[in-house]
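Q: I'd like to practise reading helix packing and sheet layout from coordinates. Can we work through an example together?

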Amino acid sequence: MSSGDYFEFYLPSKDWGNVEATAVQGNTITFADGSEALCGISGLWNASLGYGNRAVAEAINEANLNAATLPIFRRGSAYSREAATRLLDFALPHEYASVFYATSGSSALDAVVKLSRQFHDIAGNPKRRRIISFTGSYHGVTMGAMAVTGSYLFQDVYQVDQRLHIKIPYDDQGALDVVMKRFGSEVAAIIMEPVLGSGTLPVPADIVDAVYAYRESEGFLIVADEVATGFHRTGPKFASHHWTQPDVLVLSKALTNGTCAASALLLGHRVVDALDQAQQVFWHGETQAGSPQSCAAIVATLDEIERQGIATSAARVGGKLEGFVSGLESLSPRVKAFGRGSFRAVQLFDEEGEVIGTDKVFELVGECRRRGAIVQPSPGALQFVPALNYPDAELDMLFGRIQGVVADYLGGKLA
Ligand SMILES: Cc1ncc(COP(=O)(O)O)c(C=O)c1O
């Protein structure tokens with residue numbers, strides 16, 4: 001029997017120090033060659049409570065045995081209602097009106113594009129179809145999500161239709177002003193990651209303020225894509241809690257502690273009222289959306305966030321991570337730290353002062369892995385997204401391993 005081969009998403013090669021993982025306990029991943037590493041990226045930024053949370057697993061199991069596969073269609077289920085109630089409570093002081101379930105961050109972003117256009121169509125403004133997002137942003141891999149993504153993901157090759165999509169730098173008020181002057185009356189929505197995941201780059205407060213000021217005059221929707229930043233990743237429950245309330249909040253990843261293919265849109269009153277008044281269907285019903293298992297996982301995750309005091313421990317982990325990246329920065333002017341809370345990165349420069357290229361990033365990621373630390377590659381940088389309940393001693397061990405790699409790179413040993 002031949003062993004099953006498969007694609008590791010879109011990466012054709014598997015030689016960046018990667019060996020298949022076989023198991024995980026706590027924060028320690030075991031690989032097929034018997035080696036182990038501490039995870040510094042919470043799975044794929046989704047297992048924010050660490051791997052293998054028992055309460056979440058048991059809740060899913062209970063739903064599996066007692067309620068699977070009740071669909072959300074037409075009736076909903078007690079599971080989908082409870083998860084919605086709990087999410088709306090968790091989002092306070094922002095008061096969202098309703099929850100819409102989908103099955104991934106990407107699908108949720110597709111929903112956002114459709115919903116924004118439908119909202120304005122209902123309001124009698126069908127010309128409001130343009131979507132603005134940030135250069136360098138990441139919103140997913142489906143056709144709609146790719147269209148709003150501001151990083152290059154072969155959109156041209158895949159013929160992703162971006163004609164109504166505008167990307168602006170996340171920190172350039174002038175660009176926003178130019179676009180609004182030219183296209184203001186055609187904008188359906190502005191989608192912002194509060195901290196751009198591709199480099200852990202926080203959107204400056206004055207840009208956020210300017211977007212809100214334009215919403216006042218233009219009436220487009222503001223969408224916070226918190227797929228990565230939600231559930232205390234950057235400190236507060238949601239990074240957009242620093243903002244005036246967005247019209248739509250997009251959640252996934254830590255929503256179920258990474259256990260289910262699930263996402264949710266929290267919809268503001270403005271959006272829900274429009275749909276209600278028009279009595280229109282919003283055509284984005286997915287078979288698995290709002291499944292009893294994923295909703296049970298959402299409720300159990302929220303319970304665990306409270307039970308484990310994640311608000312406090314996230315502040316502890318975020319503080320230690322901040323100290324760690326500042327320490328790396330102090331090693332050399334060739335290191336620059338970015339990020340917020342437990343969502344940070346260090347960009348590295350070569351001896352000529354150029355940001356390191358993709359090959360070097362992957363080489364360093366591989367070296368970290370060989371020395372027992374899993375870090376995330378990002379443009380010119382190593383990224384750190386640890387579980388929000390990481391014990392201090394393990395965190396020190398993780399940081400020590402990464403620091404060794406960075407110091408060796410700076411010292412020319414890995415040049
Ligand atoms: C901000 C943001 N939006 C959307 C997505 C897409 O989510 P998914 O991979 O679940 O489709 C991601 C995934 O990394 C993300 O970070």
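Q: At what angle do α10 and helix α12 pack, and how far apart are their axes?
A: Two packed helices are described by the angle between their axes and the distance between the axes. Keep in mind that this is a predicted model. Here α10 and α12 (residues 392-410) pack at about 20°, and their axes are 11 Å apart. Angles under 35 degrees count as roughly parallel, so α10 is roughly parallel to α12. The crossing of the two is right-handed.

Q: Which residues of α10 and α12 make the contact?
A: From α10 come V317, K320, F324, L328 and L331. On the α12 side you'll find D392, L395, F399, Q403, V406, A407 and L410. Sorted by character, the residues of this contact are nine nonpolar, one polar and two charged.

Q: Now the sheet. What is the strand order, and how do the strands pair?
A: Strands of a sheet pair through backbone hydrogen bonds, either parallel or antiparallel. This open sheet has four strands in the order β13-β14-β17-β16, and the pairing is antiparallel. β13 (335-340) and β16 (376-378) are at the edges with a single partner strand each, so one side of each has no neighbour in the sheet. On average, neighbouring strands are turned by 25° against each other, ignoring direction.

Q: How many bridges join β13 and strand β14?
A: Six bridges, in the antiparallel sense, with β14 covering residues 343-348. As one bridge to look up, R340 has F343 in β14 as its partner.

Q: Which strands does helix α10 lie across?
A: α10 (residues 310-331) lies across β13, β14 and β17 (381-384), and runs at about 160° to β13.

Definitions and conventions
Residues numbered from 1 in each chain as written. Predicted model: local features only at pLDDT ≥ 70, side-chain atom pairs only at ≥ 80, totals over all residues. Pairing = 2+ DSSP bridges. Axes fitted to C-alpha atoms, helices over the stretch in contact; angles between N-to-C directions. Contact = placed C-beta atoms within 7 Å. Parallel < 35°, antiparallel > 145°, perpendicular 65-115°, else oblique. Left-handed = near helix turned anticlockwise from the far one by under 90°. Nonpolar A, V, L, I, M, F, W, Y, C, P; charged D, E, K, R; others polar.
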